[in-house]
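Here's a quick tour of one protein chain, with the surface up front and the side-chain pairings after that. Keep the structure open and find each residue as we get to it.

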Amino acid sequence: MDMTNRDVREITMSKYFNKKTAPYWVIAVLVVLIAIILAVQFKDNSSNQTTTATVKTSNSSEKASSSTKKYVAGKDYKITYSNTNLIDRSTLDKALKDSTGADISYMMDTSEDGGDMAKVEVYYNKDKNLLVENLFENGHSINEATTAVVYDLKNNQIVNSGVNYDTNYQPSWLVYTWERLTK
């Protein structure tokens, strides 16, 4: 066979890559690229999930909760903010966290050292810049708070805690309600 009469493409193209196999090679390259993209996304999602779980675990251990169960808003408990024009939500949430009134795991915990709460009502006394948290334990027979916590927003500290509190702290506006939905 004379080399001068052969087509240049015929000489340079491999027997594995020709006009017949070209579509298969294109599909193979696309499949490999898609697999790489999916692997990278899966790796990113896995590391994010691990980080989130680590943060949640460390948060739970910081709070003195003996429960490791994760409770779901809307299924296990319900939170309602009201009169948000009186106190902004971030201030309220920070004060609740500081006074341990926002530890859902603790409030849901029915063990002897848990909160075992049925409901928490938080009132805002605008004149004195105080939050009054009324805590209702599960199984309590009357609709009166079993414990009250008075939190001073100006000094960021609890000023009174217990069943009876001074009427000077008498609440005026309901700003937050937490209710247990599961029995």
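The accessible surface of the protein chain adds up to about 12900 Å², and carbon and sulfur atoms account for 55% of that. Keep in mind that this is a predicted model. Of the 183 residues in the chain, 26% are buried.

**Overall layout**

- The protein chain has 4 helices and 6 strands.
- In what order do the elements come along the sequence? Reading along, you get α-α-β-α-α-β-β-β-β-β.
- Now take the contacts between residues at least 6 apart in sequence: 55% of them join residues at least 24 apart.

**Salt bridges**

- How many salt bridges are there? The count comes to 4, and three of them get a closer look here.
- K78 pairs up with E179, and their closest N and O atoms are 3.7 Å apart. Since K78 belongs to strand β1 (residues 77-81) and E179 to strand β6 (residues 173-180), this pair ties together parts that are 101 residues apart in sequence.
- Are these two buried, exposed or something in between? K78 is partly exposed, with a relative accessible area of 38%, and E179 is partly exposed too, at 28%.
- R180 forms a salt bridge with D116, with 3.9 Å between the closest N and O atoms. This is another link between distant parts of the chain: R180 is in strand β6, while D116 sits in the loop between α4 (104-108) and β2 (117-125), 64 residues away.
- R180 counts as buried because its relative accessibility is 13%, which is under the 20% cut-off. D116, at 22%, counts as partly exposed.
- E121 and K119 also meet through their side chains, in a salt bridge of 3.3 Å from N to O. E121 counts as buried, at 14% relative accessibility.

**Aromatic pairs**

- There are 2 aromatic pairs to look for.
- One of them is Y77 with W178, a stacked pair with 6.2 Å from centre to centre and 25 degrees between the planes. Y77 is in strand β1 and W178 in strand β6, so this pair links distant parts of the chain, 101 residues apart. Both Y77 and W178 are buried.
- Why is the pair of Y81 and Y176 called edge-to-face? The ring centres of Y81 and Y176 are 5.4 Å apart and the planes meet at 75 degrees, so the pair gets that label; planes over 60 degrees apart count as edge-to-face.
- Y81 and Y176 link distant parts of the chain as well, with Y81 in strand β1 and Y176 in strand β6, 95 residues apart.
- Check how covered each ring is: Y81 is partly exposed at 22% relative accessibility, whereas Y176 is buried at 2%.

**Charges over rings**

- Which residue lies over the face of Y81? That's R89, at 3.9 Å from the ring centre.
- K119 lies over the face of F136, at 4.7 Å from the ring centre. You've met K119 already, as the salt-bridge partner of E121.

**Putting it together**

- Strands β1 and β6 keep coming back: K78 and E179 tie them together through a salt bridge, Y77 and W178 through a stacked pair, and Y81 and Y176 through an edge-to-face pair.

Terms used: Residues are numbered from 1 along each chain as its sequence is written. This is a predicted model: local features need pLDDT of at least 70, side-chain atom pairs count only at pLDDT 80 or more; totals for chains, interfaces and linings use all residues. Side-chain values use heavy atoms; hydrogens and water are left out. Helices (H or I, at least four residues) and strands (E, at least two) are DSSP runs, numbered from the N terminus. Buried means under 20% relative accessible area, exposed over 50%, partly exposed in between (1.4 Å probe, protein chains only). Contact means heavy atoms within 4.5 Å. Accessible areas come from the Shrake-Rupley method with a 1.4 Å probe; for residues, only the protein chains shown count as cover. Rings of Phe, Tyr and Trp (its six-membered ring) pair if their centres lie within 6.5 Å; planes under 30 degrees apart count as stacked, over 60 as edge-to-face and the rest as tilted. A charge sits over a ring if NZ of Lys or CZ of Arg is within 6 Å of the ring centre and within 35 degrees of the ring normal.
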